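Dear colleague,

Please find below the structure that I am handing over to you. My notes on it follow.

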Amino acid sequence: MKRLRTVYLKKYVSTKDKYGYTKKGWSDGQPIKMTIEPAGGSVNAQIYGESLAYMLTGKYQGNAIKAGESENNGLCVYVDANSDPDYEITSVQEYSTHKNVTLKKRVDAK
């Protein structure tokens, strides 16, 4: 794959705050290589509408991201590995040689 870049996969984990309430947290970042580009196309435009401007697509080869398991996990794309993820995985499509990963910008990302 061309234009591979390192991003950091952070798995969704449930944590409890000091009052015992469950909240969303993130695992430590796992470096993975994937291509990232803006989401586009007429099908995506019909599905996501105006949100398409806040979405990316990625191509990934490996086992760290899996369909049916990795949705809602985070990726540090434009932030460093020590930050909260700036994108979340919304879907994973598996093919014989790669996986197409759809990413949506997190609203609470800095």
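Is strand β5 (residues 55-60) mostly covered or mostly uncovered? Strand β5 is mostly covered, with five of its six residues buried; buried denotes under 20% relative accessible area, with a 1.4 Å probe and protein chains only. Strands here are DSSP runs (E, at least two residues), numbered from the N terminus.

Please note that this is a predicted model, in which local features need pLDDT of at least 70 and side-chain atom pairs count only at pLDDT 80 or more, while totals for chains, interfaces and linings use all residues. Residues are numbered from 1 along each chain as its sequence is written, and side-chain values use heavy atoms, leaving out hydrogens and water.

Strand β5 pairs in the antiparallel sense with β4 (residues 30-38) over five bridges and with β8 (residues 99-105) over six; pairing requires at least two DSSP bridges between two strands. Met34 has Tyr60 in β5 as its bridge partner, and Thr57 stands opposite Thr102 in β8.

The largest nonpolar core (buried Ala, Val, Leu, Ile, Met, Phe, Trp, Tyr and Cys residues joined through side-chain atoms within 4.5 Å) has 16 residues. Ile32, Met34, Ile65, Leu75, Val77 and Leu103 have the most contacts inside it. At least two residues of this core come from each of β1 (5-10), β4, β5, β7 (87-94) and β8.

Ser70 is found in the loop between β5 and β6 (74-76), and counts as buried because its relative accessibility is 3%. Not counting residues up to four places away in sequence, Ser70 touches Ala64, Ile65, Ile89 and Val92, where contact means heavy atoms within 4.5 Å.

Yours sincerely

Methods. Buried < 20%, exposed > 50% of the residue type's maximum accessible area, 1.4 Å probe, protein only. Helix = DSSP H or I, 4+ residues; strand = E, 2+ residues; numbered from the N terminus.
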